[in-house]
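Trainee: I have a structure open in front of me and no idea how to read it. Could you walk me through it, one feature at a time?

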Amino acid sequence: MLKKYKPFLRAGAMDTMAYRFNILVWAVITVCQVACLVFLWLAVYRSSEGGIDAVIHGFTYREMISYVVLTTVFGFVTFNNDTLWNINTDIKKGTIGNYLIKPISYRGKFAATSLGSLLMMTLMFGVPLYTAALAVLGSLGFLPDLTFPAFFAHLALFLLSGLCASLLNDTIAYIFGVLCFYTSSGWGLNSLKETLVAFLSGTLLPLAFFPAGLREAVSIMPFAGMSQNPILILMMKYDLAESLRAVALTAAWIVALELFAKLLFSHAIRKVTVQGG
Amino acid sequence: MIEVKDLTKVFRKPIRGSGLSGMVKTLFSRKYEEVRAVDGISFTVPDGEIVGYIGPNGAGKSTTIKMMCGILTPTSGSILIDGTEPCRKRQQVAQHIGVVFGQKTQLWWDIPLIESFKVLKEIYQIPDADYRERMAFLGEVLDITRFLSQPVRTLSLGERMRADLAASMIHNPRILFLDEPTIGMDVLVKEKIRLAIHALNRTYGTTVVLTTHDMTDIEDLCSRIILLEKGKIIYDGPLTDLKKRFGNIKTLTLTVPAEVHAGTAPVLSPEVAVSEEDGRLVLRFDADRIPLEQVVQYAFRDLRAMDMKIAEISIGDVVKTILEQQEAEHAEKV
């Protein structure tokens, strides 16, 4: 049954290859952003009461810089996702019909494409970028001792949580994409989704910096699993039990949101009014 | 087999005011207008039949097709494709039907045509042997082998349409829905497409539902037509019966000497309508009421015809007449 999604997996990977120059430009911009963030955090720590060696919300400046660098690399490799835009285009141009007349699930098509894209991004950019980041941060003494076998278990869990994060991101993008059936416009929905995810996933700021009430609420939401948790797993800030719990929570959210997406789609599909005739 | 029962599709369209003030108003109060695109139609298509689904623009043809292949959900009524409801079990139905929308391509635009077929092979899980056999068959009847390695965007409209047809048939569907497959094609391509549909129907017993505005398509292909107007079926039956409804109408076009005119010519019978077109006389009559032989004699003897052409009423004329009658009835009611 899954074999029929193979062409979409391949297409996702091939598209990523095709846009590798775009992605390179994007990489340069991202490096500049990281540099800014690093200097920003250095300034924050220097001017704090405890000075450069202060521990703010459980983070030393070394950990904070590692966190910023790694979340940026993570976001760059993991969230290469066109699902929302592609659904929006399918609805606007009526090309959704081309998929509805085929014996495949519309959701499955996007999941396969995103997975293909994730695999290609990880091979092309993920492996070299993570290796470089870990080597540099490690040699500067910014990371705890990255020795085997303890780190190995964390690395494995990190890869698993990265896969979960990518799937979850695709599920959320798909849900917002399906909402385009109702709004007929993806622009606002995309901004809403991007903002929500960037803020609540801890990409901008670790969730430890949030006020207590909000932090509690966000910790049971799916978003932390999309950025903060995988990175804290990799940095070994979470022990193995915490790591497993975090991955399990994300997996549970994927199941729940997929079910919701299925219901939403079967309602939205009644709204389809393919233009012409 | 296709079974359609009391099928209705109502679209809700927001009524928008005109101009800027109208647009602002619709932001706050939205009124909807209901459009009954398809209005309680029922029909059955047995296996192996080629049905022409015809009617003017906006009659609801495409809407019906989209409901039959599971893209649109009916407002009420039911559709069964080989016993399965397409809007409930879309994927299951999709495995056994093929669809072509003449206005849109379903091929992947930037990749060579052959790659599109390979993708379809995987999506439909077509076994290798079947795939090779179908490609050989389609390559021959649709003549697509020559441009298989070209990206779809470089194909001419005629080539693209043949490719689209081949793509819709690659998985050996039991039922084929063709929504205006000959639109914008030249005569030769149209001919090829018709031959391919015939070959497919004969070789594999594929059921075909076809919408078109080209009456030659209908006369060449369809044993049965369903005529749709404003969402309702106004005729469903064999092509020959539709013509008979208007009697055995024939027209004789005569080349006559310059001094013979419609108004002054001797009259044979009130059954024969005489008119003048481009300096020729045109006689229209029902051959069941007045023998053709008698009219021909009259034409040569009384009208001194030098040449003549005998034609049956075309299906185009029939459809036009029915639609005009419908319009007139509507006008009377209003």
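Mentor: Sure, let's begin with contacts. Two residues are in contact if their C-beta atoms, placed from the backbone, lie within 7 Å. Keep in mind that this is a predicted model. Now take chain B: among its contacts between residues at least 6 apart in sequence, 71% join residues at least 24 apart.

Trainee: How confident is the predictor in chain A and in chain B?

Mentor: Chain A averages a pLDDT of 89, and 98% of its residues score at least 70. For chain B the mean pLDDT is 88, with 99% of residues reaching 70 or more. The complex gets an ipTM of 0.81 and a pTM of 0.84 from the predictor. You can ask about single elements too: in chain A, helix 1 has the lowest mean pLDDT (88), and helix 11 (residues 240-268) has the highest (95).

Trainee: What does chain B look like overall? How many helices and strands are there in it?

Mentor: Chain B has 11 helices and 13 strands. Its C-alpha trace spans about 70 × 60 × 40 Å along the principal axes. The domain assignment splits chain B into domain 1 (2-243) and domain 2 (247-312). The C-alpha centres of domain 1 and domain 2 of chain B lie 43 Å apart. Of the 334 residues in chain B, 34% are buried.

Trainee: How do I tell whether a residue is buried or exposed?

Mentor: Count the other C-beta atoms within 10 Å: 20 or more is buried, 12 or fewer is exposed, and in between is partly exposed. Try Leu118(A), which lies in helix 6 of chain A. Leu118(A) is buried because 27 other C-beta atoms lie within 10 Å. Leaving aside neighbours within four places in sequence, Leu118(A) is in contact with Thr78(A) and Ser166(A).

Trainee: And what about Gly139(B): where is it?

Mentor: Gly139(B) is in helix 5 (residues 128-142) of chain B. Gly139(B) has 14 C-beta neighbours inside 10 Å, so it counts as partly exposed. Not counting residues up to four places away in sequence, Gly139(B) touches Ile144(B) and Thr145(B). Also, Gly139(B) and Ala163(B) are 24 residues apart in sequence and 9.3 Å apart in space, C-alpha to C-alpha.

Trainee: Which residues have the most contacts inside the largest nonpolar core?

Mentor: That core has 133 residues, and those with the most contacts inside it are Leu70(A), Val73(A), Ala166(B), Phe177(B) and Leu210(B). Helix 7 (residues 150-183) of chain A gives the most to this core, with 14 residues. There's also a second, separate core of 11 residues, which includes Val256(B), Leu283(B), Leu303(B) and Ala305(B). Going back to Ala166(B), its contacts beyond four places in sequence include Leu138(B), Leu142(B) and Ile144(B).

Trainee: How should I read a helix?

Mentor: An α-helix has 3.6 residues a turn, so residues three or four places apart point the same way. In helix 1 of chain A, the buried residues are Pro7(A), Phe8(A), Leu9(A), Gly12(A), Ala13(A) and Thr16(A). They pack against helix 6 (106-139) of chain A together with helix 4 (113-123) of chain B. Helix 1 of chain A has 13 residues and reaches 18 Å from its first C-alpha to its last, close to the 18 Å expected at 1.5 Å a residue.

Trainee: How many residues does the contact take from chain A and from chain B?

Mentor: It takes 20 residues from chain A and 23 from chain B. On the chain A side, helix 1 (6-18) and helix 5 (96-100) are the elements that give two or more residues. Helix 5 of chain A supplies the largest share of that side, three residues. By class, the chain A side has eight nonpolar, seven polar and five charged residues.

Trainee: Last one: what should I look for in phi?

Mentor: Most residues other than glycine have a negative phi. Here, Gln125(B) has a positive phi near 55°, and it sits in the loop between helix 4 and helix 5 of chain B. Gln125(B) counts as exposed because it has 12 C-beta neighbours inside 10 Å. Asp278(B) also has a positive phi, about 50°. You'll find Asp278(B) in the loop between strand 11 (273-277) and strand 12 (280-286) of chain B. With 6 C-beta neighbours inside 10 Å, Asp278(B) counts as exposed.

Note on methods. Residues are numbered from 1 along each chain as its sequence is written. Chains are lettered from A and ligands numbered from 1 in the order in which they are written. This is a predicted model: local features need pLDDT of at least 70, side-chain atom pairs count only at pLDDT 80 or more; totals for chains, interfaces and linings use all residues. A nonpolar core is a set of buried Ala, Val, Leu, Ile, Met, Phe, Trp, Tyr and Cys residues joined through C-beta atoms within 7 Å. Helices (H or I, at least four residues) and strands (E, at least two) are DSSP runs, numbered from the N terminus. Ala, Val, Leu, Ile, Met, Phe, Trp, Tyr, Cys and Pro count as nonpolar, Asp, Glu, Lys and Arg as charged, and the others, Gly among them, as polar. Domain bounds come from an automatic or database domain assignment. The expected span of a helix is 1.5 Å times one less than its number of residues. pLDDT is the predictor's confidence in each residue, from 0 to 100.
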